[in-house]
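Colleague: I would like to learn how to read a few features of a model. Could you take me through them?

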Amino acid sequence: MIVWLSMFAALLAGSMLPLQAGVNAQLARAGGNALWASGISFLVGTLTLLMVYSSLRLTWPSFHELKEAPLWAWSGGLMGAFFVTCMAFFAPRLGATTLLALVISGQILASLLLDHFGAIGFNVHEINLWRILGVILIAAGVLLVRKF
């Protein structure tokens, strides 16, 4: 049951990407640029997470605990800012389907490499013919979506 709930939550989270792109694109249009929209998006997200975290009465991590994380672990916010800004900027130019097809392709390619090398804490899952075929099929899907 937990596996199914996890898969549903991941599917739901994925469905929010085109919604977020459209919402942030509208905010960028109203505010003048994608960077402004991204900043507002992160501010609202940060405030929401602080409220949820506080309402759950979770203990805050200590500075000592946070220092234990490798330096690269702090780059998630930078990646998130880049991602959200790109989504807000390119959504009106590419359309939701092409934009997300490209995003998914990038995610799959990066995931393939992260798994193959066991990078940043992932378990090793070597690249094989079936995984390469899957990536080729996704790339073909991007081309079809963009063309038609």
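Modeller: Happily; we will go through helix packing, backbone angles and a surface patch. This is a predicted model, where local features need pLDDT of at least 70, side-chain atom pairs count only at pLDDT 80 or more, and totals for chains, interfaces and linings use all residues. Residues are numbered from 1 along each chain as its sequence is written, and side-chain values use heavy atoms, leaving out hydrogens and water.

Colleague: At what angle do helix H1 and helix H5 pack?

Modeller: Two packed helices are described by the angle between their axes and the distance between the axes. Here, H1 (residues 2-31) and H5 (residues 96-117) pack at about 125°, with axes 10 Å apart. The two are therefore oblique to each other (under 35 degrees is roughly parallel, over 145 roughly antiparallel, 65 to 115 roughly perpendicular, the rest oblique).

Colleague: Which sign does phi of Arg 57 have?

Modeller: Most residues other than glycine have a negative phi. Phi of Arg 57 is near 55°, a positive value, and this residue sits in the loop between H2 and H3. Ile 120 also has a positive phi, of about 45°, and belongs to the loop between H5 and H6.

Colleague: Is Arg 57 buried or exposed?

Modeller: Arg 57 is exposed, at 74% relative accessible area (buried is under 20%, exposed over 50%, partly exposed in between, with a 1.4 Å probe and protein chains only). In that H2-H3 loop lies Thr 59 too, exposed at 69%.

Colleague: And which residue is found in helix H6?

Modeller: Leu 129 is found there, in residues 129-147, and counts as exposed at 64% relative accessibility.

Conventions
Helix = DSSP H or I, 4+ residues; strand = E, 2+ residues; numbered from the N terminus. Axes fitted to C-alpha atoms, helices over the stretch in contact; angles between N-to-C directions.
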